[in-house]
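This report looks at the empty space in a protein model and at the way its helices pack against one another. The sequence and structure are shown first, and the pockets, the cavity and the helix contacts follow in turn.

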Amino acid sequence: MRTATPRTARAINDRLALDLLLERGPLTAPQLRALTGLSRPTVSDLIERLTANGLIEVVGETGGDRRGPNARLYGIVPDRAHVAGVDLRRDRVHVTVADITGEPVGAAVRELDPGLARHAGGDGSAAAGRDPLAELVAEAVAEAAGRRRLHTVTMGVPGMVDPLTGDLGANHDVPGWRPGTLKALRHRLETPVTVENEVNLAAIAEHRTGAACGRDDFVLLWLDDGVGAAVVLDGRLRRGVSGGAGEVGYLTSGAFAFCDLSAPRSLPPAVFAERVAQCAFVMVAVVDPGLVVLGGGTGREGGEELAAAVAEHLAVMAPVPVQVRPSTTHGNPVLEGAVFTALARAHDDVFGRPPVP
């Protein structure tokens, strides 16, 4: 085993302190020493270094109720970088801009014209060199960002994303998206833009703040105007070779197509719960996640009642034990997951990803 060099040790310590400040908010030097286990001189050097690099700053004092000088509170410099999360749906685009601490600082919503799909040339390329969808999304992002320069943008889309190219595949439900749209959007925004499947981003949000928080293995079953799933194993999102992991909407069980679950009101509640269980059973039998989260509009509206009914059916069907919970994320989980993903990249780029010693 190699011993970490002084430079590597500093990088590891710096990132450890920055992550603690992101997670817990402003901290004093004694608090950083207690949480990291580092010595007083090491923490003093660390604070001086991070301050000089413009990553942290004094945000206040604490200890006014005790004798002696007050302790300085250090926090992340929020304007060090900004990111944008985008939820590109079939009918509208939602944007949230956040500073590097994750605090939202801007938002925008634009309606999508279904006629966008008619602006393509015969080969699917943008007519007359324009890409109306890229222009609309870029305008929404610019509105949310204001005068802030964005470090990175993550966009959720309803469709499969090729892990090799990072672009949206042929099977999608975004009006106006065509070959070259991603390139055009990156050109207009002049910043890195990453595209990710919307259900995958919702799973990231569920893992961070929702029903799957603290769980390394789970499946998010998405029940909305489309049906899909996202798979998280060993704490990592699994996309598959072609980006199609979790695309259960293409499956059938006898005469029942799983994609029909997007219209629950046409079924009695008991029948709907049984069919959701059949859909979930496929994922449980294959990957044994231990937890199925029911997300999307229908999954969230069904709440604990639907989750309990699905769990009852799975207890009979599944060969392994599994919990079923409704989504507990707040607001828009796709947008939330997009912001989390963009922040993860910004943190690595700005704070540094220390090498493994």
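## Terms and model

Helices and strands are DSSP runs, numbered from the N terminus, with at least four residues of H or I for a helix and at least two of E for a strand. The model is predicted, and every element named below belongs to that predicted model.

## The largest pocket

The largest pocket holds about 910 Å³ of space, and its lining is made up of 34 residues, of which R208, F340, T341, L343 and A344 lie nearest the centre. Two or more lining residues come from each of α1, β4 (92–99), β6 (152–157), α6 (198–209), β12 (236–238) and α9 (333–351), so helices and strands, taken as DSSP runs, both contribute to this wall.

Which element gives the largest share of the lining of the largest pocket? That element is α9, with ten residues. By class, the lining divides into twelve nonpolar, 13 polar and nine charged residues.

## The second largest pocket

About 400 Å³ of space lies in the second largest pocket, which is lined by 21 residues, with R90, D173, G226, V227 and E247 lying nearest its centre. The elements that supply two or more residues to this lining are β7 (159–161), β8 (168–172), α6 and β11 (227–233).

The largest share of the lining of the second largest pocket is the three residues that come from β11. In terms of residue class, this lining is divided into eight nonpolar, eight polar and five charged residues. Helix α6 is named among the elements giving two or more residues to the second largest pocket, and α6 is also named in that role for the largest pocket.

## The cavity

Rolling a probe the size of a water molecule over the atoms shows where empty space is left. A search of the whole structure finds one cavity of 30 Å³ or more, and the space in the largest cavity comes to about 30 Å³. Two or more residues of its lining come from each of α1 (6–24), α2 (29–36) and α3 (40–52).

The residues that line the largest cavity are N13, A17, L32, T36, L38, V43 and L46. Five of these lining residues are nonpolar and two are polar, while no charged residue takes part.

## Packing of α2 against α3

Helices α2 and α3, which both contribute to the lining of the largest cavity, pack at an angle of about 120°, with their axes 10 Å apart. Because an angle of this kind falls outside the ranges for roughly parallel, roughly antiparallel and roughly perpendicular, the last of which ends at 115 degrees, α2 and α3 are oblique to each other. The crossing of α2 past α3 is right-handed.

On the α2 side the contact is made by A29, L32, R33 and T36, and on the α3 side by R40, V43 and I47. The contact of α2 with α3 has four nonpolar, one polar and two charged residues. L32, T36 and V43 also appear in the lining of the largest cavity.

## Packing of α4 against α5

Helix α4 (residues 132–145) packs on helix α5 (residues 181–189) at an angle of about 35°, and their axes are 9 Å apart. Here too α4 passes α5 in a right-handed crossing.

From α4 the contact takes in L133, A134, E135, V137, A138 and V141, and from α5 it takes in T181, A184, L185, R188 and L189. These residues divide into eight nonpolar, one polar and two charged.

## Packing of α7 against α8

How are α7 and α8 oriented relative to each other? The axes of α7 (residues 269–287) and α8 (residues 296–317) come within 8 Å and cross at roughly 70°, and the two helices are therefore roughly perpendicular to each other. In passing α8, α7 makes a right-handed crossing.

In α7 the contact involves A270, F272, A273, E274, V276, A277, Q278, A280 and F281, which meet T298, L306, A309, V310, H313, L314 and M317 in α8. By class, the contact of α7 with α8 has twelve nonpolar, three polar and one charged residue.

Methods:
Residues are numbered from 1 along each chain as its sequence is written. This is a predicted model: local features need pLDDT of at least 70, side-chain atom pairs count only at pLDDT 80 or more; totals for chains, interfaces and linings use all residues. Side-chain values use heavy atoms; hydrogens and water are left out. On a 1 Å grid over the protein atoms alone, a cavity is a set of points where a 1.4 Å probe fits but cannot get out, and a pocket is an open set with protein on both sides within 12 Å along at least five of seven lines; lining residues have an atom within 4 Å of a point. Grid points are joined across faces, edges and corners, and a volume is the space filled by probe spheres set on the points. Ala, Val, Leu, Ile, Met, Phe, Trp, Tyr, Cys and Pro count as nonpolar, Asp, Glu, Lys and Arg as charged, and the others, Gly among them, as polar. Axes are lines fitted to C-alpha atoms, for helices over the stretch in contact, and angles run from 0 to 180 degrees between N-to-C directions. Angles under 35 degrees count as roughly parallel, over 145 as roughly antiparallel, 65 to 115 as roughly perpendicular and the rest as oblique. A crossing is left-handed if the near helix is turned anticlockwise from the far one by less than a right angle, and right-handed if clockwise. Contact means heavy atoms within 4.5 Å.
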